[in-house]
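Let's take a walk through this fold together, starting from the inside and working outwards. Keep the 3D view open as you read.

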Amino acid sequence: SGGAVTITNSTFSNNSAGQGGGVMNYDSGSLTITGSTFSGNSATDGGGVFTTGATAVTITGSAFSGNSATDGGGVGISGGSATVTNSTFSGNSAARGGGLRVTGGGATIINSTFSANGGTYGGGGIYHLGGVMSVRNTIVANSTSGRDCSGTITNDGNNIDSGSTCGWGTNNGSLSSTNPQLGALTGSPAYFPLNSNSPAIDGVTYNAPNNCPANDQRGAVRPQGAKCDVGAYELDIDLMAAKANDSSGTVYL
């Protein structure tokens, strides 16, 4: 409460609470989370992380998987300012906002990936109610329930929605009703690699490089190709070339 907390390279797993199954931050405190994993946590508000009234919340290079809550399965944000960058939300569930729920304040999502999250009443990936929320260079896809997005979300460019509920259409280089062609979840903190036919590859075309981070969730340099890729993962083009030229049956990760 009112302090500054930094969490780095840490894991919060299988915890439960009324608010913030993994971490709760409130009353004008600041919270910075880097390179960390939140999995299997549960709460009424914010299964993985819940913040309310926070001065600033910064989440970078982290993964939220299999968390659950009534509101905000992965992360619940109420008031304050929040920035989420190079992070992956997968398999989280809630009544509202399976991956992320924002109800006030300001939130900015940059080069992140939401996939296979579920929201019973709305926002399988993202639920926004109140405040200002902007999203850029981000994938929101394959929600198991509740549509990919709920609420008004500002399209800052180069986003991919597997449906049409985020409301982006084809404006500002974004793609709606488009399969992002994600690979299987892997790594720690977990991420979705991009298949070689993914429209996310070199997908940051509007206002390029549109403030894409210098590295992806794993720390790989961006861009690998002509432009940055959309989402938390940057495809390694040298690795793709090795795969294409290798007939030995080697398994590449």
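Which residues touch the most other members of the largest nonpolar core? Keep in mind that we're looking at a predicted model here. The core has 28 residues, and V49, V75, L100 and M133 are the ones that touch the most other members. Several strands feed into it: the elements that give two or more residues are strand 5 (30–34), strand 9 (56–60), strand 12 (75–78), strand 13 (81–85), strand 16 (100–102), strand 17 (106–110) and strand 21 (132–136). There's also another core, lying apart from this one, with 14 residues that include I139, A141, I160 and V230.

Zoom in on L100 for a moment. Setting aside neighbours within four places in sequence, L100 is in contact with V75, I77, I109, F114, G125, I126, Y127 and M133. So you'll find V75 and M133 in that list of contacts, and both turned up among the residues that touch the most other core members.

F114, another of the L100 contacts, takes us to the aromatic rings. The structure holds five aromatic pairs. Take F38 and F64: their ring centres are 5.0 Å apart and their planes sit at 10°, so this pair is stacked, the limit for that label being under 30 degrees. Because F38 belongs to strand 6 (residues 37–39) and F64 to strand 10 (residues 63–65), the pair ties together parts that are 26 residues apart in sequence. F38 and F64 are both buried.

F89 and F114 make a stacked pair too, with 4.4 Å from centre to centre and 5° between the planes. This pair links distant parts of the chain, with F89 in strand 14 (residues 88–90) and F114 in strand 18 (residues 113–115), 25 residues apart. F89 and F114 are both buried as well. Step back and you'll see ring pairs linking F12, F38, F64, F89 and F114 into a cluster. Elsewhere, Y191 has a charge for company: the charged end of R218 sits over its ring, 5.7 Å from the centre.

Now for the strands themselves. Seven of them make an open sheet in the order 1-5-9-13-17-21-24, with parallel pairing. Strand 1 (4–8) and strand 24 (154–155) stand at the edges with a single partner strand each, so one side of each has no neighbour in the sheet. Inside that order, strand 5 and strand 9 run parallel and are joined by five bridges; S30 stands opposite A56 in strand 9.

Parallel pairing also shows up for strand 11 (residues 68–71) and strand 15 (residues 93–96), which pair over three bridges. A69 has A94 in strand 15 as its bridge partner. Strand 15 is in turn joined by three bridges to strand 19 (residues 118–122), again running parallel. Here R96 has G122 in strand 19 as its bridge partner.

Last stop: G105, in the loop between strand 16 and strand 17. Is G105 buried or partly exposed? Its relative accessibility is 34%, so G105 counts as partly exposed. Leaving out neighbours within four places in sequence, G105 is in contact with G79, G80, G131 and V132. For a sense of distance, try V23: it is 82 residues from G105 along the chain, and their C-alpha atoms are separated by 19 Å.

Notes:
Residues numbered from 1 in each chain as written. Predicted model: local features only at pLDDT ≥ 70, side-chain atom pairs only at ≥ 80, totals over all residues. Heavy atoms only, no water. Phe/Tyr/Trp six-rings, centres within 6.5 Å; stacked < 30°, edge-to-face > 60°. Helix = DSSP H or I, 4+ residues; strand = E, 2+ residues; numbered from the N terminus. Buried < 20%, exposed > 50% of the residue type's maximum accessible area, 1.4 Å probe, protein only. Lys NZ or Arg CZ within 6 Å of the ring centre and 35° of its normal. Core = buried A, V, L, I, M, F, W, Y, C linked by side-chain atoms within 4.5 Å. Contact = heavy atoms within 4.5 Å. Pairing = 2+ DSSP bridges.
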